[in-house]
Amino acid sequence: MARPGRISPFRVVVAVLVPLVVIAGGAFGYVQWQANADSRDVVPWFAPYVDVTATPQYAFENLASTHTEDSVLSFVVAASATDCTPSWGGVETLGAASGDLDLDRRIARTRQQGGDIAVSFGGQANTELALACTSADALQRAYAAVLDRYDASTADFDIEGDAISDTASVDRRAEAVARLQQQRRDAGDELAVWLTLPATPDGLTPDGQAVVTAMLSAGVDLAGVNVMTMNYGESLPAGTSMLEGSEQALTQTHRQLGILYQRHHTPLTSATLWRKIGATPMIGQNDVAGETFTLGDAVKLNAFARQQGIGRMSMWSANRDRSCSANYVDVTIVSDACSGVAQGSATFAATLGKGFSQRIALSSRARTTAEPVATQQPTDDPATSPYQIWSPTGAYPAGTKVVWRRNVYQAKWWTQGDAPDNPVLNTWETPWTLIGPVLPGETPIPQPTVPAGLVPAWNPATAYKAGTVVELDGVPYQAKWWTQGDSPDASQASPDSSPWVALTSTQIQQLIADAKGGA
């Protein structure tokens, strides 16, 4: 879907929040949005984003023919790699867009009908302003010029491509945005800041985590993080659907965001963190061959998002929300003007937006405040735990299941001293996989043991062929190759180099069954 001189194939929307409907005096009523509105007081919203420079031009201002009143306009970038002047897609300066695209008038028409717009900076293609502007002051002026011209109170920063790994621009952007946001607050106005970042089923990438960290460290009050649930490529495990990958990406980002806020001394509850999460799928055919986000996926992602209470839902893009015509030869090739899937009379906008507010309004006044988070951890009772309770001194081979704080974890590799719930940002940093909670009424699951005399005890003087089973301290082991003098218990500390591997519960049960069958 990338077009030379146009916009990024990874489209992500900017967003804002709407007034909270509260219960007051026993009846429902709108409350006036105060300048110190809490980040918890938000209503989930849906708005598609629009490729401003794509052809044919999308009439976002024609509310009679669209499914939402609001749009996220994308992407503002630098005029060139060395020119700090803001432009739409690198092809239209703000002034030129007013004439060539009639953009200012179309935005005015949108608002005349009660709609609104948000502005997205960046994208994968072209040069993000933070790369072209050489100082935070110049960058701040460039961002302000755009937001002031369009009277936008929400800015989305789609950071990907070269921009996400360029640490100097990451820091420069954070400083400029923090200044701009504070400048507006000092003047009695607000600026909602969303970060749009690529993700994998494991959540935000390390570079994406660094972007969030830079913003929080600079003092930016983030409205939230919008997750690109699209174009997974090799990060999507074999057999995992686009829907499953997207749900995993959102869940992991929620977990990561909680850790990042905690590290910046702003603990937030799970519900508030979900309200700071956005989801933006690329509808229909994605840029990665074989990845297609269907209308069925949209139904289920909408249900997941509403169940979790995410703060926003969007899609790339409104331009593409229709079936391709018969003249479009190969729907596996991404089009800027159609989805590549048969939609009939259905639209992704109506499907993804079901149950969401469809207004961008006043959310910029929501502020993030630290919340009381429960610090007392649940205790584990051996009598009600299906598996052994984790101990910092215990040694756990790969596949071992333990209980910790009323949850069941399974070891991915041999581990000792690594707490199962250690708050790591990346799943590959921990040796544990969370399986799920301990269920009500559970009791210890009996673990099979080898009856005495069923297999010979290990003897350091005996030579063992591959496949031989022996017992040491009640634990059965199987030889991986010929060995003599190598103690089986060393396999727990160095499983790869040891010639022995401990039998699993299933293997022990089979060993016992085979012995009974041969008796």
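Start by selecting Cys84: with 23% relative accessibility, this residue counts as partly exposed. Keep in mind as you click around that the model is predicted.

Now add Cys133 to the selection. Is Cys133 buried or exposed? Its relative accessibility is 0%, so Cys133 counts as buried. Show both side chains as sticks and look at the sulfurs: Cys84 and Cys133 form a disulfide, with 1.8 Å between their sulfur atoms. If you pull up the torsion about that S-S bond, you get about 90°, so the disulfide of Cys84 and Cys133 is right-handed. Next, colour by secondary structure to see what is being joined. Cys84 sits in strand E6 (residues 83-88), while Cys133 is in the loop between helix H3 (129-132) and helix H4 (136-149), so the pair ties together parts that are 49 residues apart in sequence.

How many disulfides does the count come to? Two, so there is another to visit, given the cut-off of sulfur atoms within 2.5 Å. Select Cys324 and Cys338: these form a disulfide too, their sulfur atoms 1.9 Å apart. The torsion about the S-S bond is 85° here, and the link of Cys324 and Cys338 is right-handed. Both cysteines lie in the loop between strand E16 (312-313) and helix H11 (348-352), so this pair ties together parts that are 14 residues apart in sequence. Check the accessibility of Cys338 while you're there: at 5%, Cys338 counts as buried. Number the bonded cysteines of the chain in sequence order and the pairing reads 1-2, 3-4.

Time to leave the sulfurs and switch to cartoon view. Select residues 401-404, which make up strand E18, together with residues 407-411, strand E19. The two pair in the antiparallel sense, over four bridges. Zoom in on Trp404, whose bridge partner in E19 is Asn407. E18 and E19 form a hairpin, with two residues between them. Stop at Arg405 in that turn and read off its backbone angles: its phi is positive, about 55°.

Which strand do you reach from E19 through five bridges? Select residues 432-437: that's strand E21, and E19 and E21 run antiparallel. For a landmark on this side, put Tyr409 and Leu434 on screen together, since Tyr409 stands opposite Leu434 in E21. Leave E18, E19 and E21 selected for a last look: E19 pairs with E18 over four bridges and is joined to E21 by five.

Terms used
Residues numbered from 1 in each chain as written. Predicted model: local features only at pLDDT ≥ 70, side-chain atom pairs only at ≥ 80, totals over all residues. Heavy atoms only, no water. Pairing = 2+ DSSP bridges. Buried < 20%, exposed > 50% of the residue type's maximum accessible area, 1.4 Å probe, protein only.
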